[in-house]
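Here is a short tour for anyone who likes to see how a fold is put together before setting up a calculation. Have the viewer open and follow along.

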Amino acid sequence: TIVIFYSFLINWFSANIGVLPIDTFGFFDTGYGILKGQLPISDYWAYTGVVVDYFQAFFFYLFGNNWNSYVIHSSMINVLASVIFYLFLLKIKLPNIFSFFYTLSFATLLYPVSGTPFAYLHAYIFSLVAIFILFISYYTDNIKLLIYVPIALFFSFFSMQTPSVYILGTIILFIFYIIFFEKNIKIIKYLFYGVLICLLIFTSYIFISKIEFKDLVYQYFLFPITIVDGRISGDMNAYLTLKNQLNFKRIFGDFKFVHLFLVPLILIQIQKIINKNFDKIFLISLAFILSTFLFLYNQLLQANQTYIFSLIPFAAALLHKNILSYFSEKKIYFLAMILLIVILATYKFHLRFNVERKFIDLENKSKSNFVYANEIHKNLNNLKWISNFTNPKKDKVFLKKVISILEKERESSYLITHYNFFSTILDKNFYILNRWYLFDNNSHPTEGHIYFKYYKEFVNKNFEKNKIKTIYLINEDQEFTYNKIKGYFHEKCFDETELDGKRLIKLTLKKCI
């Protein structure tokens, strides 16, 4: 009960402090849009995050079109993962008090680093859940649980393509070991059932939603591959490159607390190999070590703040279990050191990410200079509005003006903005081109990209289908201009009107001369 309440409230606390619009509101209007019949991939460009959209639609349906429904979503995912982690520790017979301790650390360092729904976190968490279930099934000989492993990976992949594809490799190796070395072929049946359920969900969704298979392939498979390829190969247009990430500070400095537990865990497994002590914790530890390297690799490839700190209590708990079962002397000193390091790491990252809000670039921003977001709109209640790029009081005035204008809009309109909450709080069905707008081929193809022709055709098809008459460019700092988007539309012309300087621009469709 304490785990449930704590993991919910710690995320609730974090999520309500500040905003980074491009990240904070990435799944707000898209979740609402599903309730109004707008589907990701079919109606707007969505190369990731489909599961997050549908989960958010579910929470809006249950709790209403408001900020609280949004935060309940991420908080409940934090609860889900924390409870399963706690059960995993209990099932491997780690003493209850220590299982409880590591779980509180895990809950503190998991979703609260972001606070609000985020594709990276959903994908990471469902990959962890798949690992937890696999380990529980193996340690307790409850092979029926394996049904849920493919389902968890399925949710992970359709939240974001990685790290699920990497973790799938670890799980396959783990399964092969059980089948060929432990001669347990019964597990295949339950894994097959899980895969069958996933195929049923996928085919049913494609059939019911009538999403064109071509759109799915281009958006969810081909385009993301170009992003990863660019980063691995060191393409000059890539947002970041793997080569630039491979340095001592990034690999060891940023993940030092993970390595503090990972290194002794590896040494213990080497000693077990020498002694031919292949117990169940040995195989679980090997799978965790490989998974951790893959999580680290995935983090290095992603252009975002670090969010995998929850691996620290996971690694510490496994090391703790290994010490209990392997060392007979001086283990009390090792365990005391582990607990102390976990406390220090949890406090440090809680302060930096959950309180100071480093993930949304507010670490060096005064948290006292906020406005209550219900002063912007009642449906944003409980959010303390502060942003790194704009003054909160000016934001309030600006956003209230935008809301007033949009409330009066009667034409079918596109909103191009990173403040993707207007449709939801106003309960009006505006349309979007993309979830995010980065003009460097990292959120959608731009001119010169190999798939820009497809993207342009996709945009224009939806423009005509939705009978768009107006486009609003709603800016934080002049990131959207007509010149940046006009190449997306076939033979269409617009009158451009500044409604609030460069921050709010209205484009009205007109006949081309």
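## Starting in the sheet

L415 stands opposite Y472 in β4. That pair is a good place to begin in this predicted model, and it belongs to a longer match: strand β3 (residues 413-417) and β4 pair in the parallel sense over five bridges. β4 also has β6 as a partner, with five bridges joining the two in an antiparallel arrangement. One pair to look for there is L473 of β4, whose bridge partner in β6 is I505.

How many of the five residues of β4 are buried? Five of the five are, so the strand is largely enclosed by the rest of the structure. Its side chains split into two groups: T470, Y472 and I474 point one way, while I471 and L473 point the other way, and all of them are buried.

## The hairpin at the end

From β6 we can step to β5. Strand β5 (residues 493-500) and strand β6 (residues 504-510) run antiparallel and are joined by seven bridges. Within this pairing, C493 stands opposite K510 in β6.

The two strands form a hairpin with three residues between them. In the turn you will find G501, which has a positive phi of about 60°.

## A covered helix

Now for the helical side of things. Eight of the ten residues of α8 are buried, so this helix is largely enclosed by the rest of the structure. The buried residues are V149, P150, I151, A152, L153, F154, S156 and F157. What covers them includes α7, α9, α10 (187-209) and α11 (213-233).

S127 gives a close-up of this region. It sits in helix α7 (residues 119-140), and at 0% relative accessibility S127 counts as buried, since the cut-off is under 20%. Apart from neighbours within four places in sequence, S127 is in contact with L153, S156, P163, S164, I167 and F295. Two of these names, L153 and S156, also appear among the buried residues of α8.

## Backbone details to check

P163, one of the contacts of S127, is found in the loop between α8 (148-157) and α9 (164-180). What kind of peptide bond joins T162 and P163? The bond is cis, with omega at about 15°.

Two residues that are not glycine deserve a look for their phi values. D361 has a positive phi of about 60° and lies in the loop between α17 (331-355) and β1 (371-372). At 33% relative accessibility, D361 counts as partly exposed. Q478 likewise has a positive phi, near 60°, and lies in the loop between β4 (470-474) and α21 (482-485). At 48% relative accessibility, Q478 counts as partly exposed.

## A partly exposed isoleucine

Is I251 buried or partly exposed? At 25% relative accessibility, I251 counts as partly exposed, because buried means under 20% and exposed means over 50%. Its place is in helix α13 (residues 248-253).

Setting aside neighbours within four places in sequence, I251 is in contact with Q245, L246, H259 and L300. For a sense of distance, I251 and I225 are 26 residues apart along the chain, and their C-alpha atoms are separated by 24 Å.

## The whole chain

Stepping back, the chain has 21 helices and six strands. Its radius of gyration is 24 Å, close to the 24 Å that the globule rule gives for 513 residues, so the chain is as compact as a globular protein of that length. Along the principal axes, the C-alpha atoms fill a box of roughly 85 × 50 × 45 Å. Buried residues make up 57% of the 513 residues. Of the contacts between residues at least 6 apart in sequence, 72% join residues at least 24 apart.

The outside can be summed up in a few numbers too. The accessible surface comes to about 22100 Å², and 64% of that belongs to carbon and sulfur atoms. As for charge, the chain has 51 positive and 34 negative side chains, with the centres of the two sets lying 6 Å apart.

How values were computed:
Residues numbered from 1 in each chain as written. Predicted model: local features only at pLDDT ≥ 70, side-chain atom pairs only at ≥ 80, totals over all residues. Heavy atoms only, no water. Helix = DSSP H or I, 4+ residues; strand = E, 2+ residues; numbered from the N terminus. Rg over C-alpha atoms; globule rule 2.2 N^0.38 Å. Buried < 20%, exposed > 50% of the residue type's maximum accessible area, 1.4 Å probe, protein only. Contact = heavy atoms within 4.5 Å. Areas by Shrake-Rupley, 256 points an atom, 1.4 Å probe, with all protein chains shown as cover. Lys, Arg positive; Asp, Glu negative; His and termini not counted. Charge placed at Lys NZ, Arg CZ, Asp CG, Glu CD. Pairing = 2+ DSSP bridges.
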